Each structure stands twice: as structure tokens, then as C-alpha cells.
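Visitor: Hi! I'm new to looking at protein models. Could you walk me through this one?
Guide: Happy to, let's bring it up on the screen.

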Amino acid sequence: MQENHPTQGVTENHFNENLCVNCQVNSYEPGYNINLCSDCRKSLIKYPIPKWIRFFGIGILVVVIISLVRTQKYISAAVHLGKAENAIDQKHFVTAQRELSLVLNQFPEHFNANAYMMVASAYNFDFETYQIAFGKVADVKTEDEDLLNTVNAASEYIVQFFPKDTLMYKRIVAVAQDKGKLLAILDSTDEIALKTHIANFLFEKKDYARVDSIINKVLEVDPNFYQALSLKTAVRRNTARYDEALALCDRLLAFNAENIYAISQKARIELKRKHDKEAAVFASKALALDPNDDSAIEAMAMVDYFAGRKKESLASLAKIRAHETESGDSTISKRLSPIILGSEVYR
């Protein structure tokens, strides 16, 4: 027997497409993508956003911002590291050291950056920076043979400044003003660094022939010994063999194309033979590499002096003396002062 359900049509829900999809009571407003009545549309627009959604959105925004900042940081470091590597390939070690400083300011423990900093600072003879970088990588192993060989070569280059026989070095310094005692010590050591120190003290006494003889013997042992080559440029300059002096500077620049001392020395050589325009070019180039380098400042001071700009030359001398209060080395101001104060004839 079939059952009857008299209330079935009343209780069942039937969706009416002609009414508001939300309330199913009012007619919807035409012209919108969603068929809502005016009241429902207004209420939904004003529907409050839950706080958790707001906080979630803010959190996502913060994460995105941090990610962008970090990404930019990594990209910037990679760019500067790449520039440093290119500069090292070109033997532009001042540029390389500047670029590497930017990397290490962000990532102080970065192995490659510290290894390359050892290389750049070694060829710039920046002992303090070299030691800091060395401390960061000394206990780290690497399988990069090319990098390791590059670092080792740079380390061998910088250690030539340090005499092995420190007691003998102290003996030499103690008799630096006594020419006879210096010559007596000369044959007491086979270490070329110490012989070069003796030659340097003899240079100050203007015994250029003796200095040249010592330096030539040093270069027979090591043709690329930096201190000997740099001292020989000064001997050639002061004995009017200017082309030879410039050629020796180029030998120094073959190791470091941005060797500020060698570039400044070229300026002093050109001034010596009264090529003032050429000297100004070299002095400007040296200062552009490092405005605070005393060799560069000295060269420009001399350029200014011989160009009649005495005020500027005295200002440079004052700057050098200010630097010397920190370093304790007055070598440059002692040789520059007599020239620009007029008590010594340079040319």
C-alpha cells in the first residue's frame, strides 16, 4: 500500500535562481557577477575580517620582506666577490681588497672572501688585514687547489718583509747611523732581507754605489725581491738613470698593477727630470687608488710644490704627519719636509 506524505512539498528546500543566492527571499540586483540582493550585498561587504586572517597576512608580508632583504644581501655579496675575483685575475689588488671588504662586512666568516682577502692584502703589504683574514681560514680545509696555490704564492710574497734572524736585525738597527759598523755586519749574514736593510740605511747616507752593489747581489739570489727592487728604483732616480728607474717600477707593477708606491715613485722620478705633467698624472692615479696613502700624498705634495702651490703641499705634509702619529713611522715626512720647506734641492 502506498504511503501518503502530505507535507513533503512544504518542508523540502528548493533553490530559486530568481532570488538572492544568499537569503533566497529577495530578488537579486542585476548587473553583478554574483546574484545578491541589495541588503545581502551591503552586509557582506561590511563583513568583518577575522583578526587571525589579518595577523596571518601581516606575517606573510614580513616573511616576504625579510626574504627580499636577505636575497638582496646575498646577491650584492656575490656581485662584489665576483668583482674581487676579476680584479685579482688582473692583479688589481687595491680594487680587489676594496670589493672584498664589502663582502666581509656582510659575511665575516666567508671562506673564499677571506682567502682572497689574504691574497689582495699580501700584495698590498697590508699586514694587519692579512693577519685577520688568515685567522679566519687557517683551520679550514679546502679542496680548491687553484685557490690554495694562489693564497700560498701571496703568503710567500708578503713574508719577505720579515727577517728570519730577528737578533741580527736588531743589531743592524742599533748601528744604523754608523756606516763602518753597518759594513762590518754586512758579511755576517747571508739573509737577503737583512742585507737589503743594511743597504737601505746606506742609501740614507747617499752611498749609492755601495747600495747598488749590495742590491745587485741580493737580486742575483732573488730577482724579484721586492724591497731590493724598490730600493734600486730610488738609487736609479737619484743617479739620474731615469729610464732604468721607471723600468724597475714596471717590474714592481707586474706583481701588483695597483702598487701605489711604484706609481708614486714614477711621479717622483718624472719630477726629478722635470717632467712635471707626467708626474702629475702618476700622482693623481696613486691618489685615486687611495687618497689616504702616504706615498701618494707625498707624490702630490711634491707635484704641488714644484707647480708653485705651496699651501697645498704644506697641507699634504700636515696630513702625512697626522698619519704618522698613529703609525709611528716618520720616514716619509722626514724626506719630504726638507724638499717642500726649501732646505734640500731635489732637482
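Visitor: Let's start with charges. Which residue forms a salt bridge with Arg-347?
Guide: That partner is Asp-276, and the closest N and O atoms are 2.7 Å apart. Arg-347 sits in the segment after helix H18 (331-340), while Asp-276 belongs to helix H15 (residues 276-289), so the bridge links distant parts of the chain, 71 residues apart. Keep in mind that this is a predicted model.

Visitor: Are those two buried or exposed?
Guide: Neither, they fall in between. Arg-347 is partly exposed at 31% relative accessibility, and Asp-276 is partly exposed at 27%.

Visitor: What lets side chains pair up like that?
Guide: Side chains of opposite charge can pair when their charged atoms come close.

Visitor: How many salt bridges are there in the model?
Guide: The count comes to 13. One of them joins the side chains of Glu-29 and Arg-41, at 3.5 Å from N to O. Glu-29 lies in the loop between helix H1 (8-11) and helix H2 (38-45), and Arg-41 is in helix H2, so this pair ties together parts that are 12 residues apart in sequence.

Visitor: And how accessible are Glu-29 and Arg-41?
Guide: Glu-29 is partly exposed, with 27% relative accessibility. Arg-41 has 14%, and because the cut-off for buried is under 20%, Arg-41 counts as buried.

Visitor: Got another one? What does Lys-136 pair with?
Guide: Lys-136 forms a salt bridge with Glu-109, with the closest N and O atoms 2.8 Å apart. Lys-136 is in helix H6 (residues 127-137), and Glu-109 is in the loop between helix H4 (93-106) and helix H5 (111-123), 27 residues away in sequence. Lys-136 is partly exposed at 31%, whereas Glu-109 is exposed at 54%.

Visitor: Which residues are joined into one network by salt bridges that share partners?
Guide: Asp-212, Arg-236, Arg-241 and Glu-244 are joined that way. Arg-241 is in the loop between helix H12 (226-238) and helix H13 (242-253), and it is partly exposed, with a relative accessible area of 36%.

Visitor: Switching to the backbone: what is the phi of Ala-240?
Guide: Phi of Ala-240 is near 65°, a positive value in a residue other than glycine. Most residues other than glycine have a negative phi. Ala-240 is in the loop between H12 and H13 and is partly exposed at 46%.

Visitor: And what about the phi of Lys-274?
Guide: Lys-274 also has a positive phi, near 65°. You'll find Lys-274 in the loop between helix H14 (260-272) and H15, and it is exposed, with a relative accessible area of 58%.

Visitor: Okay, pockets now. How much space lies in the second largest pocket?
Guide: About 200 Å³. The pocket is lined by 13 residues, with Glu-156, Gln-160, Ile-192, Asp-222 and Phe-225 nearest its centre. Helix H7 (145-158) and helix H10 (192-204) each supply at least two of the lining residues.

Visitor: What classes of residue make up that lining?
Guide: Seven are nonpolar, two are polar and four are charged.

Visitor: Last one: what is the average pLDDT of the chain?
Guide: The average is 90, and 92% of the residues score at least 70. Over residues 1-12, though, the pLDDT is below 50, and that stretch has zero contacts in the model beyond near neighbours in sequence.

Notes: Residues are numbered from 1 along each chain as its sequence is written. This is a predicted model: local features need pLDDT of at least 70, side-chain atom pairs count only at pLDDT 80 or more; totals for chains, interfaces and linings use all residues. Side-chain values use heavy atoms; hydrogens and water are left out. On a 1 Å grid over the protein atoms alone, a cavity is a set of points where a 1.4 Å probe fits but cannot get out, and a pocket is an open set with protein on both sides within 12 Å along at least five of seven lines; lining residues have an atom within 4 Å of a point. Grid points are joined across faces, edges and corners, and a volume is the space filled by probe spheres set on the points. Helices (H or I, at least four residues) and strands (E, at least two) are DSSP runs, numbered from the N terminus. Ala, Val, Leu, Ile, Met, Phe, Trp, Tyr, Cys and Pro count as nonpolar, Asp, Glu, Lys and Arg as charged, and the others, Gly among them, as polar. pLDDT is the predictor's confidence in each residue, from 0 to 100. Contact means heavy atoms within 4.5 Å. A salt bridge is a side-chain nitrogen of Lys or Arg within 4 Å of a carboxyl oxygen of Asp or Glu. Buried means under 20% relative accessible area, exposed over 50%, partly exposed in between (1.4 Å probe, protein chains only).
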